[in-house]
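Here is a friendly set of notes to read alongside the structure. Take the points in any order you like.

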Amino acid sequence: MSSYTVQPLSPIFLTFNPQSHSPLQTHQQSTKLLQKNCLQTLGSTSPPKPINQSLSQASWLESLRFCSRSNLYQEAVSTYIEMILSGVSPDNSAFPAVLKAVTGLQDLSFGKQVHAHVIKYGYESSSVTIANTLVNFYGKCGELDDVYKVFDRITERDLVSWNSLISAFCRSEEWDCALEAFRLMWSENLEPSSFTLVSLALACSKLHKHEGLRLGKQVHAYSFRKCHSTTFTNNSLMTMYANLGRLNDAKILFDLFEDRNLVSWNTIISSFSQNDRFMEALVFLRLMVLEGVKPDGFTLASVLPACSNLEMFVTGKEIHAYALRNGNLIENSYVGSALVDMYCNCGHVESGRQVFDGILERNIGLWNAMIAGYAQNEHDEKAVMLFLEMEPVAGLFPNATTMASVVPACVRCEAFSNKESIHGFVIKRGLERNRYVQNALVDMYSRMGNMEISKTIFKNMDFRDIVSWNTMITGYVISGSFDDALQLLHEMQYADEGNNKHNDNKQVRLKANSITLMTVLPGCASLAALAKGKEIHAYSMRNSLASEVTVGSALVDMYAKCGCLNLSRRVFDRMPIRNIITWNVIIMAYGMHGNGKKALELFKDMVNSGEVKPTDVTFIAILAACSHSGMVEEGLHLFHKMKDDHSIDPGPDHYACVVDLLGRAGKVEQAYELINVMPSGFDKVGAWSSLLGSCRIHQNIKIGETVAQNLLQLQPNVASHYVLLSNMYSSVGLWDKAMNVRRKMKEMGLKKEPGCSWIEYGDETHKFLAGDLSHPQSEKLHDYLETLSEKMKKEGYVPDTSCVLHNVDEEEKETLLCGHSEKLAIAFGILNTPPGTTIRVAKNLRVCNDCHAATKFISKMVDREIILRDVRRFHHFRNGTCSCGDYW
């Protein structure tokens, strides 16, 4: 045993000094209290058994040690109590045995009473073994104050003393303290053992990556130099490298040592799975089985997420079958949770519920997995009902993970009407400061349209991770506040690092990830913010995110909606992996730009390649493309072959697309007949709305009035339906009927959405309303348009005053036409950009006939390409013509 003068510990330990009272019991504690505590520990309410007075001290001690060695902890405690009550005094071999038992039972109160006996019988300072056992006991009970005090009183500390102290710090996640304790141990010329190195590797794995790797490599080098390459040391080093992002180093270490055990295999498999290298996790599971190592519950719980993420449902079922053949595994709640998660992630929610119901001992993790499975698959009512059963049925209180899963279900669940009450429940449970719950609440209020509360929760968060920022950005996109979404992206990249601390208080600079980009790119698309979109594209390329299918699909969509179909197609062609969303986006892109033939070619390429199978969304995209291009026969053929060729039943949206296809082509009666034969129970709002728009275009008042009557019965409080009806009347000069409709809107408190157009210039998006005078350049823009209108008339332009839906004279109508929002935006582009620059304008409503005709003249007179996106499609104006061929 090493002996030396005790040195004072580093000031880093001073935080563990006692607060208000000493945790050590005095030696006056009576054995009656020990007996009472023993009865409580054993869960007994009956009187104690008669004490055997005939046993010798050696027999008592042997019985005590046997129970402790056999992990019969309650029996060991009972034996100790009986021994004390029989008058036999414990010696220095009895205390380590009973303390091991108390540590296993995690009974802090009884352990302190045993500590009092240690003091009473004079072993507090005379036995380093007992002191070490006490350090271990207090450490495993999380009592660091007591750990420090016991350790400080050890006069001759050995290696076990220091290992127990370091282990206690690691158990309490005081990583810096653990490393400081090791430095002090080293200064006392004590050589670390394999147990020391295991704790040090754990501590290093929890540090900041750079510092953790620096110190961790030193631990590894020391282990190698001193031949401490035991299996459990190598296992801890593998875990360290994996946690610090050096998974390849962990794999190399795994390959190099031969004495691999079950823990070794579980370590490497779980490391692959936790670092999203799912295929390698499955490969190593196969190698493990081939080497004759039998997987346990930890193995299965580690590898099942790989099946979920790779959508390898069949493999997941095979693992489930293995668990069933090994009955003890299927009862493992961690395996059960992983199976529930796997089935739900693969869309087999009912199978997940069968697993859940089949496990009798359900812990909180299993309940959380099932609730999350329901919520992720939008079985929201079931998620809420299961959540409500947790406490009364299982006696389990929801934790932060529960709430983070059930809050999104509550906001979507129609049956759960008082959605704010879930926030009150969160506060009642004291979970309102949990970051994951806060993220869920930000999302909830965003989806409820209450962005002010979302912003308040977001701003008051102690720690914001990347999910927090992504959730807030998504909220702005959902609410249509695209400018705010892009501004928040900018703030995220340049925010004060103090706002982005994690729980370990390490400051981090957050970087946009693939979720951020796929969230914010639709904002660029909606604002036609091409420059910002290109900037995000460049960022994705610099950070190796552009090749991810989610980001690539969002880029294809962004470029298409910003009017750059060629760039959209270029991104699509360069994507290494394309999923059905990618194909749907590019087909929809060609449709929006009026190139139905190309959209149809892409659809056929997709089907013939077998790369993906078309979905119901695919058919909405291709039918809309046919509609915009007047491809009536092709569209009808696709519609009638959906079921036979692709096993997809036409839904309400498909019928609405075909109604639009027929209506645009002037086949209003045929479209009307199609609606009347739609299956009962289908939502016909989309179809009636499309047909009413066609009736306005083709001035079919008779059918239009019937359509409006049906539409307003279904949705009497939607302003756009009344506007369509009023515009239909106005287009044929039925001013009285038009005014009656407008009057009814006013009485009902309904307001028409004002026409709004916007254009990107520099770092800003400039917005214009019809007749807008609020823009700084308004006077200049109106003057320019009036002058331009006169020049256009000399070239043959005739203002289409039928587009003015007010009963005023012709001259005033022409003046009103000059103030249409898209003309103001186009004028702004002409006056503020260099000659020859393409002008890109977006509008929230359908472009009117006059603006369409005028823009053709403008494109020729100013020699500019003008790309105008309205609510339905794109118009590319060049040299006096439009890409739509005047069919829109």
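**Notes for a first look**

1. A good place to begin is helix α46, residues 849–861, which lies across β4 (866–869), β5 (874–878) and β6 and runs at about 35° to β5. Please keep in mind throughout that this is a predicted model.

2. Those strands belong to an open sheet of six, ordered β2-β1-β3-β4-β5-β6, with mixed pairing. At its edges are β2 (764–769) and β6 (881–882), each of which pairs on one side only. Strand β1, residues 756–761, pairs with β2 in the antiparallel sense over six bridges. To find your way along that pairing, look for Cys756, whose bridge partner in β2 is Leu769.

3. How many disulfides are there? The count comes to zero. Cys410 is in no disulfide, and the nearest cysteine sulfur, that of Cys413, is 7.2 Å away. Cys410 counts as buried because its relative accessibility is 0%.

4. Cys848 deserves its own look. Its closest cysteine sulfur is in Cys851, at 3.5 Å, and that is too far for a bond, since a disulfide needs the two sulfur atoms within 2.5 Å. Is Cys848 buried or exposed? With 13% relative accessibility, Cys848 counts as buried.

5. Next, turn to helix α12, residues 231–243. Its 13 residues, at 1.5 Å a residue, should span 18 Å, and the end C-alpha atoms are indeed 18 Å apart, so the two values agree. Just after this helix, Gly245 takes a positive phi of about 85°.

6. Helix α12 is mostly covered, with ten of its 13 residues buried. Among them are Leu237, Met238, Met240 and Tyr241, and also Thr231, Asn234 and Ser236. What lies over these buried residues? The cover includes α10 (194–205), α11 (209–225), α13 (247–256) and α14 (262–274).

7. One residue of α12 to click on is Asn235. Its relative accessible area is 5%, so Asn235 is buried. Leaving aside residues up to four places away in sequence, Asn235 touches Phe257, Asn261, Val263, Ser264 and Thr267.

8. Now for the charged pairs. Side chains of opposite charge can pair when their charged atoms come close. The structure holds 33 salt bridges. One of them joins the side chains of Glu291 and Arg260, at 3.1 Å from N to O. Glu291 sits in the loop between α15 (278–290) and α16 (297–309), while Arg260 sits in the loop between α13 and α14, so the pair ties together parts that are 31 residues apart in sequence. Glu291 is partly exposed, with a relative accessible area of 48%; Arg260 is partly exposed too, with 23%.

9. Asp462 and Arg433 form another salt bridge, with their closest N and O atoms 3.1 Å apart. This pair links distant parts of the chain, 29 residues apart: Asp462 is in the loop between α26 (451–459) and α27 (466–478), and Arg433 is in the loop between α24 (421–428) and α25 (435–447). Asp462 has 47% relative accessibility and counts as partly exposed. Arg433 is partly exposed as well, with a relative accessible area of 42%.

10. Where do Glu611 and Arg578 lie? Their side chains meet in a salt bridge of 3.8 Å, N to O. Glu611 is in the loop between α34 (596–609) and α35 (616–628), and Arg578 is in the loop between α32 (565–574) and α33 (580–592), so the pair links distant parts of the chain, 33 residues apart. Glu611 is partly exposed, its relative accessible area being 38%. Elsewhere, Glu62, Arg65 and Arg69 are linked in a network of salt bridges.

11. A last stop is Arg412, in helix α23, residues 400–412. Arg412 counts as partly exposed, at 33% relative accessibility. Which residues does Arg412 touch, not counting residues up to four places away in sequence? They are Ala375, Glu378 and Asp380. For a sense of scale, the C-alpha atoms of Arg412 and Val289 are separated by 44 Å, and the two residues are 123 residues apart along the chain.

Notes. Residues are numbered from 1 along each chain as its sequence is written. This is a predicted model: local features need pLDDT of at least 70, side-chain atom pairs count only at pLDDT 80 or more; totals for chains, interfaces and linings use all residues. Side-chain values use heavy atoms; hydrogens and water are left out. Two strands pair if DSSP finds at least two bridges between them. Helices (H or I, at least four residues) and strands (E, at least two) are DSSP runs, numbered from the N terminus. Contact means heavy atoms within 4.5 Å. Axes are lines fitted to C-alpha atoms, for helices over the stretch in contact, and angles run from 0 to 180 degrees between N-to-C directions. Buried means under 20% relative accessible area, exposed over 50%, partly exposed in between (1.4 Å probe, protein chains only). The expected span of a helix is 1.5 Å times one less than its number of residues. A salt bridge is a side-chain nitrogen of Lys or Arg within 4 Å of a carboxyl oxygen of Asp or Glu.
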